[in-house]
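Morning, everyone. Please have a look at the structure on the screen, and then I'll go through a few points.

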Amino acid sequence: MAECHPVGFQWVMEAKARGAKVFHIDPRFTRTSALADRYLPIRAGTDIVLLGALINHVLTNGLDFREYVLAYTNASTIISEDFRDTEDLDGLFSGYDAEGRKYDPSSWAYEGAEEEAAAGQRREQLEGGAQHAEAAGPHEYGSGGPAMLATPSTDPTLNHPRCVYQILKRHFARYTPEMVAEACGIEPEAFAELAEAITANSGRERTTAWVYSVGWTQHSVGAQYIRAGAILQLLLGNIGRPGGGILALRGHASIQGSSDIPTLFNILPGYLPMPHAHRHEDLDGYLAAAGADTGFWGRKRSYMVSLLKSWWGDAATADNDFRFDHLPRLTGDHGHYTTVLGQIDGTVKGYFVVGENPAVGSSSGRLQRLGLANLDWLVVRDLRLVETATFWKDGPELETGEMRTEDIGTEVFFMPAASHVEKEGTFTNTQRLLQWREKAVDPPGEARSDLWFYYHLGKRIRRRLTDDDIDLPLRELTWDYPEHGEHAEPSAEAVLREINGTGPDGRALSAYTELEPDGSTRCGCWIYCGVYADEVNQAARRKSRHEQGRIAPEWGWAWPANRRVLYNRASADPEGRPWSERKKLVWWDEEKGEWTGHDVPDFEKDKPPHYLPPDEARAEDAISGSTPFIMQADGKGWLYAPAGMADGPLPTHYEPHESPVPNPLYGRRANPCRKVYDRPEVPYNPAGSSRFPYVLTTYRLTEHHTAGGMSRSLPYLAELQPELFCEVSPRLAEELGLVNGGWATIVTTRAAIEARVLVTGRIRPLRLDGRRIEQVGLPYHWGWSGGVATGDVTNDLMPMVLDPNVYIQEGKAATCDVRPGRRPRGQALLELMEEYRRG
Amino acid sequence: MAERVGFFTDTSICIGCKACEVACKEWNDVPDDGFVFRATSYDNTGGLGASTWRHVAFIEQRVPAPGNGGPGGPSGAGELPADSVGPGVETGADGERPGAVVGEPVDRWLMASDVCKHCTHAACLDVCPTGALFRTEFHTVVVQADVCNGCGYCVPACPYGVIGRREDDGRAFKCTMCYDRLRGGLEPACAKACPTDSIQFGPLDELLERAERRVTDLHGQGRTEARLYGADPNDGVGGDGAFFLLMDDPEVYGLPPDPVVTTRDLPAMWGWAAGAALSMAGVMAAAFLRRRR
Amino acid sequence: MVPEAEFRSYYGQPVIKAPVWHVPHMPLYLYLGGLSGGASLMSAAARLAGHDRLGLTARVTAAAGATLGAGFLVAELGRPERFLNMLRIFKPTSPMSVGSWILAAHSGLSALATASAVMSAAPASAVAARLPRRVAAALPAAGDAAAVATALTGPLMATYTAVLVADTAVPAWHEAHRELPFLFAGSALASAGAMGMLATPRAQAGPARVAAAAGAAVELAAGAVIERRLGLVGEPYREGRSGRLMRAARALTAGGGLLATVAGRSRALTALSGLALTAGALCTRFGVLEAGRASAADPKYTVVPQRQRLESGDRASTAAPARSWP
């Protein structure tokens, strides 16, 4: 966190100054480790073993926050008797289809769900696995969970052998400190200290927070890492309470915003699922399949209709399904890596690359470039000519002779982009906080804001439209914003106001609860509704934290409803009283008959704690007064996910796709559902291969920004880390003859790259599986051109292996070989690669 | 003169982000200082100089197990017997680490942002022949770029190796403690940019008090190796306007353990020179006298 | 032999900055300043003692040394066009400021002394003819007065440079601040004596030979004390490139000095002695500069003595009245 989010890390330091104990768990000793109270080295790709062992520690010793767990989680819920755990099936859950490499999740359901579920929901559950496999499934359910029983059968004694609590206990029973030592390389004493600290700092009086970043997500089991963290935090009562939570440090400025108002293929704004071409014929059919009807997600019709009204305005009416048909449709996986393979296959002809540099920043860089070279046209918008825009004239494949400039037909359009200080708009930061930025200076030359680019592109396209029906969606699109300045810059505030939404009177709405399903309201992103409440840009508020309370509600605006802690109903006990004076956040005011507190209560203001939903209740009415997780169908925190995950209802340790050791827990080595490609141009290192004996992990440095587009060209940053380097332990350096400051060549079946050597005791070899495992660390900021600091492309080494839930690449754990000296050039490099591939 | 202001750099909370280095260069328009991979931990800057006015040092160490003379162990403050195990870290004249085993993991990574000390008795200022270096109303020491003629005398005079001459420009440069910002009522750019308040700016007296409290706190936490550096007004430079809380001996950070302002000895030097000059005259006179006899 | 010191450092990097002064500018300036200083002293003594021929040589040498030296000094500056900024202020805490004024006075006086001497030696010259008569008449007296005055500026000229280098944080220089003035003074005498021997008929160069031999003796003695007294800090004077230069200087100076005592007998011996002493003086200046660089480059010389000071409880202080500027 100190390494990649130094500005945010100041608050960790502040917490530390107030007595917080900080643990840091990472394969390498980083700047964060330097400031932590304890550093635990871990083998990359084994965090579920560690988290599972902590869960096991909590369950075995009865250290869970029992009142919280009973009332707020699905611990007592009884699961279908068809369910089989990985303990029963040696690493598989019930419902696995070996041929399709996917699960039918129906046996994971709550008991009784089969009978009671509506037909649509039933079909949805059955199809879940299949959809996951081809369309990054969980977002099918939007930001709520999938449909599930609102009031399943439970056993409050937690003794029923099929209740979630007991299933959890059995599932994690073999995740022991000894297993942590064997799999992760963490000594039992260090584990004990961690386990003691997090349990001692949880409960009524105290909370523990977990902070993670792409070190948890970029794995073929990435989504389950987060699930494991969530389970632990739910058991310890650390969700929805001040100082608790699992905090995702999103990449950089507004990455959070880019999933709220997505640049992802499978969701619409506000996590509404993207309709599928064949399954979702009309709005009703779409809504029936789009997640739960109970909980706040039950109001999805209001969110969707308001979105359609926002986009198609008066043309969207109840009679025409609010122009639901105008929405584009999915036909399958349109994720980044599948798109790249589509480019290679010639099925993808054009490509917009905006503020990204996939030729450097994405796994398997060579494939990225092969794809780019096979396009008809490519638009690159960036601050400078990044490698993605120049690969055709200076890419590494030219040097090896694999590509020749004259053979590349791709027409590249480079559009200079304005930087964040050269345009106005919002950032949505990692804590869901929207902050408005003013423009400080005009962009140089022909550089324009993204907003300008898309708005004027849209205008030009609209001028060329015909009367043909195929152009109707664009003709009817609301595409009219006030313009200002010599370049006719559209008003970003007008866009924000449109996102916020307007009511029948045309005035800005103040809360998503005002959205209606009848088309009388418009809203571009329901979770952002309220950011322009009272016709005021709430994101532009900058009242100092010293002039307001600790929650600082007048600093920017957080979605939803300016709520700073999600699910904060959980900060009070079932009766609505704070768990403790020390940790009070929101509570039920009996006299006034409403929820109140320091934060905006994440609950219906006037729903009393003793409220019990009547039968057949829908939406939030189906949520009882004592269940805080209002987006879930049953209002509970899901220790066990009866649906929604492609690869199982519980996190399970699988080795990375490329691992030097077998799975110490199961016969299954790797995630059975992970996405891999059976194509000759997508090679993998054989598991356990002696050709690739070292664990390879990649990361960022404070000094650079991701693929380097924003930092390598800046002398002040580039001089701080001028060259690509690999970090190796002194022991490995000695074995291989690597010299500090000299050169090394790192090889996988994808590529061989050269890097400077940094020999450091911060990289620790781990003893596991009866041998010493060496790890090699590589930052990935460098590319071959476009800056004062250049270097080989680290991501060229990485495999195209994806998590089955969200299609993120396994960028944090692979295998490699290391050789002293610089890599060969030209043909000799190809020969070296061939040698390694043949084995 | 205004109240004396300064920096208190608390290295125990430095996260090595180098924001100070960048903010300093941005504000003061300091050019880049070369693109060299130094293989000295994460430090590719090397040290302070004409084109580096803030420098973050990175020191990788292995702390012996508790009870083995580690922090809080019997050796106590002032002498932490930690081995620097980063490659290239010299711990002895021969560059070998005594007793260190290859592969021993680093578990302490010290980071510290160095800067001009703005000494109470500043050698650079004393020796500057043109008056280009002067003491400001804030008691800081600043080079006037329009006066400096690049004689280079300040460079070896500084006991901390701070000031340097930019060879392509010819003049000497160093930290000004953002003199222009101070005059505008702003804090220096590095302190402003520091995310963890490792670099604190303010009236020197207040900073000294705060620093003493911080050391007491750290000692209370068992981190007895914490000590202040440059905070003593009776030291060889009369105390620093920019002082530090260090977690190891100063020389580990590249700082002199007991710096002296060279001009302290200047009267003595002139005395010896006068003696030599007189002797010279005497010898010469004798040479002629003897001849006449 | 000093035992190898145990010490810690930051990647073996220097603590202080090495002098940025260039070779050959700086050592040549040091040499020429010493030569000029010694020669002016000789000229004054010659004037008073009536050694006119030797006096002429000394005056010309003093003026040429000062002028050339000033040239090297200006060329050494990062901004030579701002040389006159040296004379913006007079700053006693800065040996370079004091030295600049000494140099200014000394070069002016020695130029005047030389001008007068040259005029007197060539009264019929065209230049002299064009001077107003009153000026021409006053010149010899003014020149003599100037020459005598350089007896004051000359020794300062020769020795202030020792203070100049000693008044730095460079251990090998600063710690040698007692001996360096004598080293430079001896060297200046030897250089001036050598030049006097070389450029004056043997018969009239007797005092020059004495000065050369005596200067060499002083230089050698000062060098020996430096080596003995400084211990570890003096290492650069013994080892490496600077050590080789200092050894060469010692050999040349000793040889030249010995030869000087017998040089009156032969032209060849005179030449040999003069050249050896000149080379010795040059080697001394190059050696001292190089020793300063080596001393700054190795953190050992900075850290070890300071650490020893701390450990012996002899911590540095400026408790003595501050002599800072301003």
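**Where the chains meet, and one sheet**

In this predicted model, 40 residues of chain A are in contact with 36 residues of chain B. In contact means that their C-beta atoms, placed from the backbone, lie within 7 Å.

What supplies the side of chain A that touches chain B? Helix 1 (6-17), helix 2 (31-35), helix 23 (715-718), helix 24 (730-736) and strand 22 (752-759) of chain A each give at least two residues. Helices (H or I, at least four residues) and strands (E, at least two) are DSSP runs, numbered from the N terminus. Helix 1 of chain A has the largest share, 5 residues. By type, this side of chain A has 22 nonpolar, 9 polar and 9 charged residues. Ala, Val, Leu, Ile, Met, Phe, Trp, Tyr, Cys and Pro count as nonpolar; Asp, Glu, Lys and Arg as charged; the others, Gly among them, as polar.

A word on bookkeeping. Residues are numbered from 1 along each chain as its sequence is written, and chains are lettered from A in the order in which they are written. In this predicted model, local features need pLDDT of at least 70, side-chain atom pairs count only at pLDDT 80 or more, and totals for chains, interfaces and linings use all residues.

Now the sheet. In chain A, 3 strands form an open sheet, order 9-10-11, with parallel pairing. Strands pair if DSSP finds at least two bridges between them. Strand 9 (350-354) and strand 11 (411-416) of chain A are the edges, each pairing on one side only. Strand 10 (residues 377-382) and strand 11 of chain A pair over 6 bridges. A:D382 has A:P416 in strand 11 of chain A as its bridge partner.

Methods
Two residues are in contact if their C-beta atoms, placed from the backbone, lie within 7 Å.
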